[in-house]
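Here's a protein chain to walk through together. Take a look at the model first, then we'll go over it piece by piece.

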Amino acid sequence: MAAGRDPSGEGKAGSSGGRSGGSRGAEPDYRFTLANERTFLAWIRTALALIAGAVAVLHLVPLDWHSGVKLAVGFALTGLAVVITVYAPLRWLHVQKAMRRDQPLPMSALPVLTAVGVALVCAVVLFGNYWS
């Protein structure tokens, strides 16, 4: 039995349609489809948290920073949120298609990009008070 397939073998293999990713192929085991959806939702939550951080830096938290530093941090957080928001549904679709076609899951650069982006923002926040 191939990984990611319905373990019961009851009627799902060989089905086609657009319910779970829009490509022809075998219906993946629902657990893998739900896990893929949870990953998508986790990326969206990450984007929302980054937007909340940008709003806090730009409007809510009384920081004694130069306005350029505040804008840089706010725009960096917002830009990273936009990248994640655009990429998350594309990633979900590519993974879903790969599961339907029984192919290896595609690699993603987004975790590394997110980690580097957050690390850079942290560095700017850490040294933000020294630039005022």
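**A walk through the helices**

Let's start with one residue: Asn36 has a relative accessibility of 8%, so it counts as buried, since the cut-off for buried is under 20%. Keep in mind as we go that this is a predicted model. Asn36 sits in helix α1. What does Asn36 touch, once its neighbours within four places in sequence are left aside? The answer is Trp92, Val95, Gln96 and Met99.

Now zoom out to the whole chain. It has three helices and zero strands, and from the N terminus on the order is simply α-α-α. Of the 132 residues in the chain, buried ones make up 30%. You can also ask how far along the sequence the contacts reach. Taking contacts between residues at least 6 apart in sequence, 64% join residues that are at least 24 apart.

Back to helix α1, which covers residues 30–60. Here's a neat check you can follow yourself. Its 31 residues, at 1.5 Å a residue, should span 45 Å, because the expected span is 1.5 Å times one less than the number of residues. The end C-alpha atoms turn out to be 42 Å apart, which agrees. Asn36 isn't alone in being tucked away, either: the buried residues of α1 are Thr33, Asn36, Trp43, Ala47, Leu50, Ala54, Ala56 and Val57. And what covers them? The cover includes α2 (67–100) and α3 (110–127).

So how do the helices sit against each other? In general, two packed helices are described by the angle between their axes and the distance between the axes. For α1 and α2, the packing angle is about 170° and the axes are 8 Å apart. That angle makes α1 roughly antiparallel to α2, because angles over 145 degrees count that way. Sorted by class, the contact of α1 with α2 has 21 nonpolar, eight polar and two charged residues.

If you want a spot to look at here, try Thr78, which is in helix α2. Thr78 and Ile51 are 27 residues apart along the chain, yet their C-alpha atoms are separated by 5.5 Å. Is Thr78 buried, partly exposed or exposed? Its relative accessible area is 31%, so Thr78 is partly exposed.

Next, the other pair. α2 and α3 pack at an angle of about 170°, with 10 Å between their axes. That makes α2 roughly antiparallel to α3. On the α2 side, the contact is made by Val69, Val73, Ala76, Leu77, Leu80, Val83, Ile84 and Tyr87. On the α3 side, the residues are Leu110, Leu113, Thr114, Gly117, Val118, Val121, Val124 and Val125. By class, this contact of α2 with α3 has 14 nonpolar, two polar and no charged residues.

Let's pick out Val124, found in helix α3. With 23% relative accessibility, Val124 counts as partly exposed. Val124 and Lys70 are 54 residues apart in sequence, while their C-alpha atoms are 9.4 Å apart in space.

Between α2 and α3 there's a loop, and two of its residues deserve a look. One of them is Asp102. Most residues other than glycine have a negative phi. Asp102, however, has a positive phi, near 55°, and it isn't a glycine. Asp102 is partly exposed, with a relative accessible area of 44%. The other is Ser108, found in that loop too. Ser108 has a relative accessible area of 22%, so it's partly exposed. Not counting residues up to four places away in sequence, Ser108 touches Tyr87 and Arg91. The C-alpha atoms of Ser108 and Tyr87 are 9.9 Å apart, with their positions 21 residues apart along the chain.

Finally, let's see what the database record adds. In an unreviewed entry, UniProt places the feature "transmembrane region" at residues 40–61, 67–88 and 109–131. You can set that beside the model. Residues 40–61 are 95% helix and 0% strand, with end C-alpha atoms 30 Å apart. Residues 67–88 are 100% helix and 0% strand, and there the end C-alpha atoms lie 31 Å apart.

Methods:
Residues numbered from 1 in each chain as written. Predicted model: local features only at pLDDT ≥ 70, side-chain atom pairs only at ≥ 80, totals over all residues. Heavy atoms only, no water. Helix = DSSP H or I, 4+ residues; strand = E, 2+ residues; numbered from the N terminus. Buried < 20%, exposed > 50% of the residue type's maximum accessible area, 1.4 Å probe, protein only. Contact = heavy atoms within 4.5 Å. UniProt positions renumbered as here; feature names shortened; annotations may be inferred. Axes fitted to C-alpha atoms, helices over the stretch in contact; angles between N-to-C directions. Parallel < 35°, antiparallel > 145°, perpendicular 65-115°, else oblique. Nonpolar A, V, L, I, M, F, W, Y, C, P; charged D, E, K, R; others polar.
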